[in-house]
Amino acid sequence: MTTTSATPAVHVPLVRHDRCDRCTASAQVRAVLPSGGELLFCGHHARAHGPRLREVGAVLGP
Ligand SMILES: [Zn+2]
């Protein structure tokens, strides 16, 4: 069964092994940057960096 859905735009839910980009805690928040890049944050770092990320136009979500 091969579905050729190579669409990176699809929102993939965070899974358990995704890690925060700033520490080793499991990621809980995804920040999608205007450039198309993604950052993953734990709850702590999402709070720490969230305001700054929104400032630059990033969209934060679960
Ligand atoms: Zn963290």
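Here are four short exercises with worked solutions on the predicted model shown above.

Local features are used only at pLDDT of at least 70 and side-chain atom pairs only at pLDDT 80 or more, while totals for chains, interfaces and linings use all residues. Residues are numbered from 1 along each chain as its sequence is written, and side-chain values use heavy atoms, with hydrogens and water left out.

**Exercise 1. The fold**

Work out which pattern of helices and strands the protein follows along its sequence.

*Solution.* Start with the elements: the protein has 1 helix and 3 strands. Helices (H or I, at least four residues) and strands (E, at least two) are DSSP runs, numbered from the N terminus. Reading along the sequence then gives β-β-α-β. Next, take the pairing of β1 with β2 (residues 38–41): the two strands run antiparallel and are joined by 4 bridges. Strands pair if DSSP finds at least two bridges between them. Within this pair, V29 stands opposite F41. Finally, look at the hairpin, where 5 residues lie between the strands and G36 takes a positive phi near 100°.

**Exercise 2. The zinc site**

Find the protein donors of the zinc ion and decide which geometry their angles make.

*Solution.* First collect the donors, meaning N, O and S atoms within 2.8 Å of the metal (3.2 Å for Na, K and Ca); water is not among the atoms, so sites may look incomplete. The protein donors are C20 (SG), C23 (SG), C42 (SG) and H45 (ND1), at 1.9 to 2.4 Å from the zinc ion. Along the chain they follow the spacing C-x2-C-x18-C-x2-H. Now check the angles: four donors count as tetrahedral if all angles lie between 85 and 135 degrees. Because the 4 donor atoms subtend angles of 104 to 113° around the zinc ion, the arrangement is tetrahedral. To finish, consider burial, which means under 20% relative accessible area, with exposed over 50% and partly exposed in between (1.4 Å probe, protein chains only). Both C42 and H45 are buried.

**Exercise 3. The core around F41**

List the residues of the largest nonpolar core, then trace the contacts of F41.

*Solution.* A nonpolar core is a set of buried Ala, Val, Leu, Ile, Met, Phe, Trp, Tyr and Cys residues joined through side-chain atoms within 4.5 Å. The largest one has 8 residues: C20, V29, A31, F41, C42, A46, L53 and A58. The elements giving two or more residues to this core are β1 (29–32) and α1 (43–55). Now turn to F41, taking contact as heavy atoms within 4.5 Å. Leaving out residues up to four places away in sequence, F41 touches C20, R22, A27, Q28, V29, A31, A46, H49 and L53. Follow one of these, H49, which lies in helix α1. H49 counts as partly exposed because its relative accessibility is 27%. Beyond its neighbours within four places in sequence, H49 is in contact with R22 and F41.

**Exercise 4. The salt bridges**

Locate the 2 salt bridges and say whether their partners are buried or exposed.

*Solution.* Search for a side-chain nitrogen of Lys or Arg within 4 Å of a carboxyl oxygen of Asp or Glu. One hit joins E38 and R30 (2.8 Å, N to O). R30 is buried, with a relative accessible area of 7%, whereas E38 counts as partly exposed at 45% relative accessibility. Another hit joins E55 and R52 (2.9 Å, N to O). These two residues both lie in helix α1, 3 residues apart, about one turn of the helix. Both E55 and R52 are exposed.

How values were computed. Tetrahedral: all angles 85-135°; square planar, octahedral: opposite > 155°, others 65-115°.
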